[in-house]
Structures are given as structure tokens and as C-alpha cells.
Amino acid sequence: MSHKPGLLDGIRIIDLTRVLAGPYCTQMLGDLGADVIKIEAPGRGDDTRHWGPPFTAAPDGERGEAAYFLSANRNKRSLTLNLKSEKGMEILKGLIRQGDVLVENFRTGTLARWGLDYETLQELRPGLIYCAITGYGNDGPYKDRAGYDFMVQAMGGFMSVTGPADGEMNRAGIAIADLATGMFASSAILAALFARERTGEGQYIDMALLDSQVALMSYVASNYLVSGELPGRFGNGHPNIVPYQEFQARDQQFAFACGNDNQWRKFCTAVSHPEWITDERFATNTARLANRSTVVAMLNELFATRDAAEWMALCDEVGIPSAPINNMAQVFENEQVQARQTRIDVPHPTAGSVPLVNSPLKIPTTPTSVRYPPPTLGQHTTEILQSLLGYDGAAIETLKNENVI
């Protein structure tokens, strides 16, 4: 496949991450054109290679690639390497010397115990950007704990505000702390690359799942810090805006919101309820917040008189936000999702073709592209050792026999 060079063309990422936060970060950088070398343990690889079903089909009838792994590992080349061996460490150091960014998500201090602390890394590769992703960061009483998304959603306050007001607390349906940390890490790496262009200096980036989760609490955290009042749970409702939730139409639920008082007035006029505009209980968002249950009840009574599609058509006509509540099949059938090419089908060495969610980074002047499908385990080991480190076939065969690769 021929592609225009990406924005990060010429940048090489040494990727020592696995599972989700780190791989999602490096996939974003790969989508932007970076050369991402994913280093995996021989024989097993990234844990998520085994997180299925579902798996793709393989031509020999064996189990293929896990869909979970496919979601976060395109635009990478896979090299297997035994980092517990002396020769494996030599290879890693050789790759670092030719890298621009090193990303890892081992337990805090692991690379330092291997003799690869930040200062040593700078000696190996002056100007290297080193990003460590952990559960709780490089300092503090929890720095040695293993980080798991579920635990961080619980500890970081997310679950306390997620779920129905009269029901159980819930975690998000996705690993939101992992994914957010990956996105924050990629932003930090991009800023460090920009600074290096001006100064030539490397950076040490210390990313923590817990920090990212607390940061994601955003206005909910700000509400607490300003008021001192613990936020509650509102189901699909909003702590600061009413109406802003799902409502029951005659046939099904749909999402509806009036984000400001002007939208509320437009809606009340469109549904022939001008009295709601002047009623002091509903006239302002502050008043509607105070009378949330009354507003929700009267809107559910109104919406029950027509199908959801009719209400959404009316909302479109007058400029009020509304949306269907789609399952994943409906998401990929949606005309806007299709118009934005959100699904892509990519050739794969064992599966023939795999469907992927495309990069959300739409940059028409320099588009992202899929140069490599999610790799099979060790698919590019020989290629990388030969092209970057100069190993010949005999030397590579010896490394295989010694279980280094």
C-alpha cells in the first residue's frame, strides 16, 4: 500500500507496552506516521493476544488474532525479544540508540532495575523521550501497586457518579482510565517531540492511570472543589443541566437535551407549551435543576405521545440536540459514521482482512493511514534486526536457537 508520509514520519517509537493504555498511545503515534517497534515476549506476546473470544479465523484452522489485540495495535511492527537474557538486553539497547521515544508500562522502577534509568537512557540516546505509564505514578505511597482500570475507576471517583440515582454504582462499559491515559500520554509525547525540535533535549514523562482518571472527572471534580458538596448519581442525567438525559418515547428511548435556556424556549414553542417558558419552576436552567424530577416526568409524559423518530425529526427542525441510542450494529450502519469512514477493512497476513475502527484524527492535509495491520507475533523480528542492527541470517538463527528472539 502506498501512503503519503504522516506527520510523524521519521520518528521511531520503541514500544515496550502491552494490554491497553500503552498500546493505545503508541497506536495513535503510529497512525500519525511514526515507526512503532512493538517488543513482545517470545512465544506469548502481548497479553491481549489471548483475550478472546472473539478471534479472527486463520487459514490453517487454528485460532487467529484476538479482536481486543486488533483494536490497539495497528501501524506497528512486532519483534519478539527475551529481555531477561543478556543478548536480548543488548538488542534492546541497540534499538533505543536508534529510537526517538521509548514507551513502557512495567511496574514503577522496572527499567531502572535493568540499568535503564532516565539518565542512562539519555547516555544511550541523547534527546530520547521516555514515557513510563503506570497505575499510580513514579512517587507516592501507591507507586509500587499494579494498576488496573477497574480499580482506578473506583478509586478515582468515576464509579461514585456513574449509575442510576437509586441503584448500584457502575464502571464505564469501556476501560476509560486506560484509554484516557493512552491519549494523555500521546499528547505529552507530541509536546516533548515539539520541544526537542527547539532545544534538542529529551524528556521524562510520568503518566499514571489514577491521575488521568481524576483529571477526567473535570467539571464534576470542580463542582465538588467549589461547593464542598459530594456529587451524586443521575443515571444518564447531567449534574448541571436539565433536561439532559434519555427519555421514553412511544416506541423506544432516545437522548434529548436543552443545553441552554434559549434551546428550552425554542423547544417549548415547538411543542406548543409556551407556559413552560414563563413558569418560574422551568424558566431557567437553575430552576429546572431544582425541579429535575418534575421536568423529567412532564417530558416523559409528552414524549410518550409520539415515536422517537418523530421527536428527533422535530428536534432537528428547530435545532435542539437529540439522538438515537444505538447498539454497535446501528453505530456502524449510521450514515454519518459511514461518511466519516470510521470503519476500515485492512489486509491481514493470517485473517485475510480485518475490520478496524479508523483513527479519529482527521487531518485532510496530511491524513492518517494504516501502513501495517496489527502484526502477528514476531512478524517483523528478522526484518528489524537486519535493517536496523545489521544482523545477518546466521546470527538471527543463533538468537532463535538461544531463545533470545
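**Strand pairing and aromatic contacts in the predicted model**

Strands E9, E10 and E11 form, in that order, an open sheet of 3 strands with antiparallel pairing. Strand E9 (244-248) and strand E11 (322-324) are the edge strands, each pairing on one side only. From one strand to the next, the twist averages 30°. The model is predicted, and the values reported here are computed from it.

Strand E9 and strand E10 (residues 253-257) run antiparallel and are joined by 5 bridges. Within this pairing, Ala257 in E10 is the bridge partner of Tyr244. Helix H13 (residues 292-303) lies across E9 and E10 and runs at about 40° to E9.

Aromatic contacts were examined next. The count comes to 15 aromatic pairs, with ring centres within 6.5 Å as the criterion for pairing. In one of these, the ring centres of Tyr118 and Tyr204 are 5.9 Å apart and the planes are at 35°, so the pair is tilted. Tyr118 belongs to helix H5 (residues 118-124) and Tyr204 to strand E8 (residues 203-208); the pair therefore ties together parts that are 86 residues apart in sequence. Tyr118 has a relative accessibility of 21% and so counts as partly exposed. Tyr204, at 35% relative accessibility, likewise counts as partly exposed, since buried means under 20% and exposed means over 50%.

A further pair is made by Phe247 and Phe303, whose ring centres are 5.4 Å apart; because the planes are at 65°, this pair is edge-to-face, the cut-off for that class being over 60 degrees. Phe247 lies in strand E9 and Phe303 in helix H13, so this pair ties together parts that are 56 residues apart in sequence. Phe247 and Phe303 are both buried. These two residues also belong to one aromatic cluster, formed together with Phe254, Phe256, Trp264, Phe267, Trp276 and Trp311.

Trp311, a member of that cluster, also has a charged residue over its ring: Arg306 lies over the face of Trp311, at 4.6 Å from the ring centre. A second arrangement of this kind involves Arg145, whose charged end sits over the ring of Tyr142 at 3.8 Å from the ring centre.

Strand E1 (residues 12-16) was considered separately. How many residues of E1 are buried? The strand is mostly covered, with 5 of its 5 residues buried. In a regular strand, side chains alternate between the two faces of the sheet. In E1, Arg12, Ile14 and Leu16 lie on one side and Ile13 and Asp15 on the other; these residues are all buried, and both faces of the strand are covered.

Strands of a sheet pair through backbone hydrogen bonds, in either a parallel or an antiparallel sense. E1 pairs with strand E2 (residues 35-40) in the parallel sense over 4 bridges, and in this pairing Ile14 stands opposite Ile37. Together with helix H1 (residues 21-31), E1 and E2 make a right-handed β-α-β unit. E1 also pairs in the parallel sense with strand E6 (residues 101-104), over 4 bridges. Here Asp15 of E1 stands opposite Val103 in E6. Ile14 and Asp15, which take part in these pairings with E2 and E6, are on opposite sides of E1 and both buried.

Definitions and conventions: Residues are numbered from 1 along each chain as its sequence is written. This is a predicted model: local features need pLDDT of at least 70, side-chain atom pairs count only at pLDDT 80 or more; totals for chains, interfaces and linings use all residues. Side-chain values use heavy atoms; hydrogens and water are left out. Two strands pair if DSSP finds at least two bridges between them. Helices (H or I, at least four residues) and strands (E, at least two) are DSSP runs, numbered from the N terminus. Axes are lines fitted to C-alpha atoms, for helices over the stretch in contact, and angles run from 0 to 180 degrees between N-to-C directions. Contact means heavy atoms within 4.5 Å. Rings of Phe, Tyr and Trp (its six-membered ring) pair if their centres lie within 6.5 Å; planes under 30 degrees apart count as stacked, over 60 as edge-to-face and the rest as tilted. Buried means under 20% relative accessible area, exposed over 50%, partly exposed in between (1.4 Å probe, protein chains only). A charge sits over a ring if NZ of Lys or CZ of Arg is within 6 Å of the ring centre and within 35 degrees of the ring normal. A crossover is right-handed if, with the strands pointing away from the viewer, the path from the first strand over the helix to the second runs clockwise.
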